[in-house]
Number of protein chains: 2
Amino acid sequence: MLSTYQELETPDFDTWIISHDIVGKNFADGQISLTWHDGKISNFHYLWLREHCPCSLCHSDVTREQILDVLTLPNDLVPVSLELTENGYLVVIWSDGHHKSIYHPGWLRANSYDDWARQDQHHKKPTWDASFSLPIFEYEAVMEDDRSCYKWLSALDRYGLVMLKNVPTDLGTVGSVASRIGYVKSSNFGELFEVETKPDADSNAYLSVGLPLHTDLPTREIQPGLQFLHCLINDADGGESIFADTFHIAKVLEREQPSIYELITRLKFPFSNRADYRDYRFAAPLIELDRDGAPLEARVNTFLHAPITNMPHECVPKAYEARNALLKATLEDRFRLYHRLQAGEMVIFDNRRVLHARTEFFPNTGARKLQGCYMDRDELKSAIRMLERANRQRGEEPLSPYVSP
Amino acid sequence: MLSTYQELETPDFDTWIISHDIVGKNFADGQISLTWHDGKISNFHYLWLREHCPCSLCHSDVTREQILDVLTLPNDLVPVSLELTENGYLVVIWSDGHHKSIYHPGWLRANSYDDWARQDQHHKKPTWDASFSLPIFEYEAVMEDDRSCYKWLSALDRYGLVMLKNVPTDLGTVGSVASRIGYVKSSNFGELFEVETKPDADSNAYLSVGLPLHTDLPTREIQPGLQFLHCLINDADGGESIFADTFHIAKVLEREQPSIYELITRLKFPFSNRADYRDYRFAAPLIELDRDGAPLEARVNTFLHAPITNMPHECVPKAYEARNALLKATLEDRFRLYHRLQAGEMVIFDNRRVLHARTEFFPNTGARKLQGCYMDRDELKSAIRMLERANRQRGEEPLSPYVSP
């Protein structure tokens, strides 16, 4: 039983910077109002603030996870007193008999939710076309230096496509690079997969045919978020890589062909894998929008089309027209970024945003071998936050994200 | 280059049963019409049928994935002739100069998309309350016999909760059971995780405190679909398990408290993990609906609540009210299924649908140890289809799903 009251700094493991002092405090009408020394005011609802009491009765001192049962809090909860400690912490005594809650001013400032505090929550990510300069980073720098790593990951998060150069061409290196970010997502193709021609291929990727621009694993409810492709050898003729930003294509289609855009974001198109050992199927819009109408992910893969049997019969011609219009757009040079991978290069891209393709290659002219793996988007976001947290802990200059020239 | 024409049976690896013969065929107005000997008529749009030509120029004879470039098909494509072979296959010669397309009648029937063929696509899953009889299966039977396995998996798919009994209590067995279905999804807790008290716990699950009804990993964009929990020993006092079907709770709340239902299905509630090595966060409705307004998943976890900073300030009290109303509903006995796990039992449940809880246990009264793992929903669907496919290949009686008594 955790029954001993203990003061904790915050209800999480993060380090919070005290950038502003609290210079005024009062409470009324269900809210505690704090005035900061830059004049900004934070208003916290009683139940909100009470729930996030960091003490060890409310949050485990081991896991920092909540143990307070929020349903035990009375709806008429009010503060009995507010005080500031010498080092600027806010102390609240509550009407529910809870000993006291002590709040870190850095945490309070960072978790404020008044309009002024919520303004910079929505960073719109820039999209890109054929004129995009592929962001390139040095393998050794991103593996060893946190500031370089942050540039690399912020570029990946923002643009959905980055490249590393001077990567050792050993098998397994792609796994080490991936683990710099987080946990690999395995699939029926394994944890790490080798892209080369195979006699009993269970994917067109393992033939030498060209692969049109596509997302991997569209047959799953959630396609892999990140894809890593490490070029070990590319001596064969052909085998050039192409990339395209579907979020950009979506933006252009919405403007130029709104009726097509409407259909590809609304109709569910079915995909199925082909194998004698697994039978994955999923149907979803080719461009899936989030609740705010912004693109969340694309699902494009012409070699895994399943028969469209899931919509009213009369819709099918319109579905074909819309799908083909999107596929035609992916062929337009204004959207396509070309790069022929060389041994020692590794591309990492958001598989749910950025389509990738390769032109046909000719195995009798030389070898071509890539090694790859997948990862959820969650891992990238976590890695970025952990770099920011570590930087705060060290008290260093804020990290700056990569911005395309 | 795949340039040799080769006849393939179907564009996939499935086995199709010829249950009905084609007795009539013609084409007009963009569609080929086939009349079956039971009088039903299937209409296929030209581009639809042309795309799914199974020949080796259109689908790789190795992978069965599409290699036909659909954008090369002329919009004015028409059939030049239709014929039936002696064994009832449909042969189409097309105006685009393609050699010929030969379609399996079982595949054509099964992939028909006229209204009559689409009628049984939408199976509504039954939901359950406290009166539900936990579907229980024998470990040995499901591991060794495909018909038993099918019952087990269909019960899991339909009700989201099943139990195995007489499971060997060896560490790692949960992995073998999981691999009867598909690939395990690993996370920061490992591929297989052991649920017991740990000194440096990174989750409340690894303390002895009670865990209120919750979903695991709500801090990820996609919570694990299936969760396996294998009881190795449960000798401690306490530690009873509780389950609840959120799809049922949602149905009841929609009827009884529509304004609450509206808020929990629309507002995004933030969750964050607590750890000094990973920082996962995600915000989503507590009940997420699909495009048809049916529940897709729940996201409920009181020990991983993050501060609500992502909605207009004046919405916060309503958000608290709605969230607490849902949490109160999970405490109602009409929704809760109780079962105290014994050594040798394993529960498997849809973590995105069925909440699980355990009451506090007391380690000084005895040991308690579970081993668990996660898996995507896709794997279950694939396993069910593969059992159906294998059954068709053997030409046996159709498999019958489990139905609760």
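What share of the 405 residues in chain A is buried? In this predicted model, buried residues make up 58% of chain A.

**Chain A**

The secondary structure of chain A consists of 10 helices and 22 strands. Its C-alpha trace spans about 80 × 55 × 45 Å along the principal axes. Among contacts in chain A with a separation of 6 or more, 74% are between residues 24 or more positions apart. The surface that chain A exposes comes to about 16300 Å², and carbon and sulfur atoms supply 49% of that area. Chain A carries 43 positive and 59 negative charges; the mean positions of these two sets are 5 Å apart.

**Relation of the two chains**

Chain B is superposed on chain A by a rotation of 180° with 0.0 Å of shift along the axis, and the RMSD is 0.0 Å. The two copies are therefore related as by a two-fold rotation axis. The same surface serves both copies, since 100% of the contact residues of chain B recur in chain A. Within chain B, the residue that comes closest to the rotation axis is B:Lys185, with its C-alpha at 3.5 Å.

**Two buried residues of chain B**

The table sets out B:Asp14 and B:Leu134.

| Residue | Place in chain B | Relative accessible area |
|---|---|---|
| B:Asp14 | segment before strand 1 (22–28) | 9% |
| B:Leu134 | loop between helix 3 (115–118) and strand 7 (136–138) | 15% |

B:Asp14 counts as buried because its relative accessible area is 9%, and buried means under 20%. Leaving aside residues up to four places away in sequence, B:Asp14 touches residues of both chains: A:Asp279 and A:Arg281 in chain A, and B:Arg389 and B:Arg392 in chain B. With B:Arg392 there is also a polar contact of 3.0 Å between the side chains.

B:Leu134 is likewise buried, at a relative accessible area of 15%. Which residues does B:Leu134 touch, not counting residues up to four places away in sequence? They are B:Leu161, B:Val162, B:Met163, B:Leu337 and B:His339. B:Arg266 lies 132 residues from B:Leu134 along the chain, and the C-alpha atoms of this pair are separated by 31 Å.

Methods:
Residues are numbered from 1 along each chain as its sequence is written. Chains are lettered from A and ligands numbered from 1 in the order in which they are written. This is a predicted model: local features need pLDDT of at least 70, side-chain atom pairs count only at pLDDT 80 or more; totals for chains, interfaces and linings use all residues. Side-chain values use heavy atoms; hydrogens and water are left out. Copies are superposed by least squares on the C-alpha atoms of residues with pLDDT of at least 70 in both. Contact means heavy atoms within 4.5 Å. Helices (H or I, at least four residues) and strands (E, at least two) are DSSP runs, numbered from the N terminus. Buried means under 20% relative accessible area, exposed over 50%, partly exposed in between (1.4 Å probe, protein chains only). A polar contact is a pair of N or O atoms within 3.5 Å; within protein, one must be able to donate a hydrogen and the other to accept it, and residues adjacent in sequence count only if both atoms are side-chain atoms. Accessible areas come from the Shrake-Rupley method with a 1.4 Å probe; for residues, only the protein chains shown count as cover. Lys and Arg count as positive and Asp and Glu as negative; His and the chain ends are not counted. The place of a charge is taken as NZ of Lys, CZ of Arg, CG of Asp or CD of Glu.
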